[in-house]
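Thank you all for coming. I would like to walk through one structure with you this morning, slowly and in a few steps, so please keep the picture in view while I talk.

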Amino acid sequence: MQTEIEAWLRAFARAVRERDYAAGASLFAPEVVAFGTVAERVEGVGELAARQWRVVWETTHGFDFDYGSLRFDVCGDRAWIASS
């Protein structure tokens, strides 16, 4: 499972670096509930992109994750992931 999680994180980091909102959105369920550095809480991938990604990604350069700090858990079709 760790290989799949890392592949997802790499795809998301690439979307951030390339400011590819469609690619980023394709990695999330449409009904995602999330929080971020700008948006305290958002519901839905459209709101996530509008209120968090479009604000932050435009000023982000060289984005990636620290894959050595990766922690996660999967339960059925849901997962959580934490990384520095």
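**The core, the pocket and three residues**

Let me begin with the largest nonpolar core, which has 19 residues, and within which L9, F12, L48, W53, W57 and F65 are those with the most contacts. Please keep in mind throughout that what you see is a predicted model. Helices α1 and α3 each supply at least two residues of this core, and the largest share, 6 residues, comes from α1. If you pick out F12 and leave aside its neighbours within four places in sequence, you will find F12 in contact with L27, F28, W53, W57 and F65.

From the core I turn to the largest pocket, which holds about 1,300 Å³ of space. Its lining is made up of 34 residues, and W8, F28, V32, A34 and I81 are the ones that lie nearest the centre. By class, that lining has 24 nonpolar, 6 polar and 4 charged residues. Which elements supply at least two residues each to the lining? They are α1, spanning 2-18, β1 at 33-34, α3, and β4 at 78-82, and of the lining residues α1 gives the most, with 6.

Next, consider R51, which is found in helix α3. Is R51 buried or exposed? Strictly it is neither, because its relative accessibility of 38% makes R51 count as partly exposed. The side chain of R51 makes a polar contact with the side chain of E47, at 2.4 Å, and it also reaches the backbone oxygen of R41, at 3.3 Å. Leaving aside neighbours within four places in sequence, R51 is in contact with V38, A39, E40, R41 and V42. G62, on the other hand, is 11 residues from R51 in sequence and 21 Å away in space, C-alpha to C-alpha.

A23, in helix α2 at residues 21-25, also counts as partly exposed, because its relative accessibility is 28%. Between the C-alpha atoms of A23 and V56, which are 33 residues apart along the chain, the separation is 16 Å.

Finally, there is S69, which sits in the loop between α3, residues 45-56, and β3, residues 71-75. With neighbours within four places in sequence left aside, S69 is in contact with A82, S83 and S84, and the side chains of S69 and S83 make a polar contact at 3.3 Å.

How values were computed. Residues are numbered from 1 along each chain as its sequence is written. This is a predicted model: local features need pLDDT of at least 70, side-chain atom pairs count only at pLDDT 80 or more; totals for chains, interfaces and linings use all residues. Side-chain values use heavy atoms; hydrogens and water are left out. Helices (H or I, at least four residues) and strands (E, at least two) are DSSP runs, numbered from the N terminus. A polar contact is a pair of N or O atoms within 3.5 Å; within protein, one must be able to donate a hydrogen and the other to accept it, and residues adjacent in sequence count only if both atoms are side-chain atoms. Contact means heavy atoms within 4.5 Å. On a 1 Å grid over the protein atoms alone, a cavity is a set of points where a 1.4 Å probe fits but cannot get out, and a pocket is an open set with protein on both sides within 12 Å along at least five of seven lines; lining residues have an atom within 4 Å of a point. Grid points are joined across faces, edges and corners, and a volume is the space filled by probe spheres set on the points. Ala, Val, Leu, Ile, Met, Phe, Trp, Tyr, Cys and Pro count as nonpolar, Asp, Glu, Lys and Arg as charged, and the others, Gly among them, as polar. A nonpolar core is a set of buried Ala, Val, Leu, Ile, Met, Phe, Trp, Tyr and Cys residues joined through side-chain atoms within 4.5 Å. Buried means under 20% relative accessible area, exposed over 50%, partly exposed in between (1.4 Å probe, protein chains only).
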